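Reader: I would like to learn how to read strand pairing and helix packing from a set of coordinates. Please take one case and work through it.

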Amino acid sequence: KIGEFLRGKLDGLKKRHKVVTEVRGRGLMIGVQVSTPALRDSIIMECFKRGVLILGAGASTIRLSPPLMIEEEQAAFAATTLSDAITAVA
């Protein structure tokens, strides 16, 4: 349920940010691909500064893999923070 909720929020990133090229995954393990590796690294650092820990995967993908016991409010915060971080660095 929360995976579907989070995926829906992250799918919206493609509409708001041209640098987001793909959102993929299953359950709570979700990847958000951006246009360049340098941009990915900047987004990861900006999210860290804002309180959300995310990881890189591959050359230009951001990996979200929150704990299985995440609440909808926490998932929404992560998606909003990621969007704000993309706006800040893109």
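Author: Start with β3 and β4 in this predicted model. Strands of a sheet pair through backbone hydrogen bonds, either parallel or antiparallel. Here β3 and strand β4 (residues 61-64) run antiparallel and are joined by three bridges. One residue pair to look up is Leu55 with its bridge partner in β4, Arg63.

Reader: In what order do the four strands form the open sheet?

Author: The order is β1-β2-β4-β3, with antiparallel pairing. β1 (20-26) and β3 (55-57) are the edge strands, each paired on one side only. From one strand to the next, the twist averages 30 degrees.

Reader: Which strands does α1 touch where it packs on the sheet?

Author: Helix α1 touches β1, β2 (29-34) and β4. The direction of α1 makes about 170 degrees with that of β1.

Reader: At what angle do α1 and α3 pack, and how should that angle be read?

Author: Helix α1 (residues 2-16) and helix α3 (residues 72-89) pack at about 15 degrees, and their axes are 9 Å apart. Angles under 35 degrees count as roughly parallel, so α1 and α3 are roughly parallel to each other. Their crossing is right-handed.

Reader: Which residues of α1 and α3 meet?

Author: From α1, the list is Ile2, Phe5, Leu6, Lys9, Leu10, Leu13 and Arg16. These meet Glu72, Ala75, Ala76, Ala79, Leu82, Ser83 and Ile86 in α3. By class, the residues of this contact comprise 10 nonpolar, one polar and three charged.

Notes: Residues numbered from 1 in each chain as written. Predicted model: local features only at pLDDT ≥ 70, side-chain atom pairs only at ≥ 80, totals over all residues. Heavy atoms only, no water. Axes fitted to C-alpha atoms, helices over the stretch in contact; angles between N-to-C directions. Helix = DSSP H or I, 4+ residues; strand = E, 2+ residues; numbered from the N terminus. Parallel < 35°, antiparallel > 145°, perpendicular 65-115°, else oblique. Left-handed = near helix turned anticlockwise from the far one by under 90°. Contact = heavy atoms within 4.5 Å. Nonpolar A, V, L, I, M, F, W, Y, C, P; charged D, E, K, R; others polar. Pairing = 2+ DSSP bridges.
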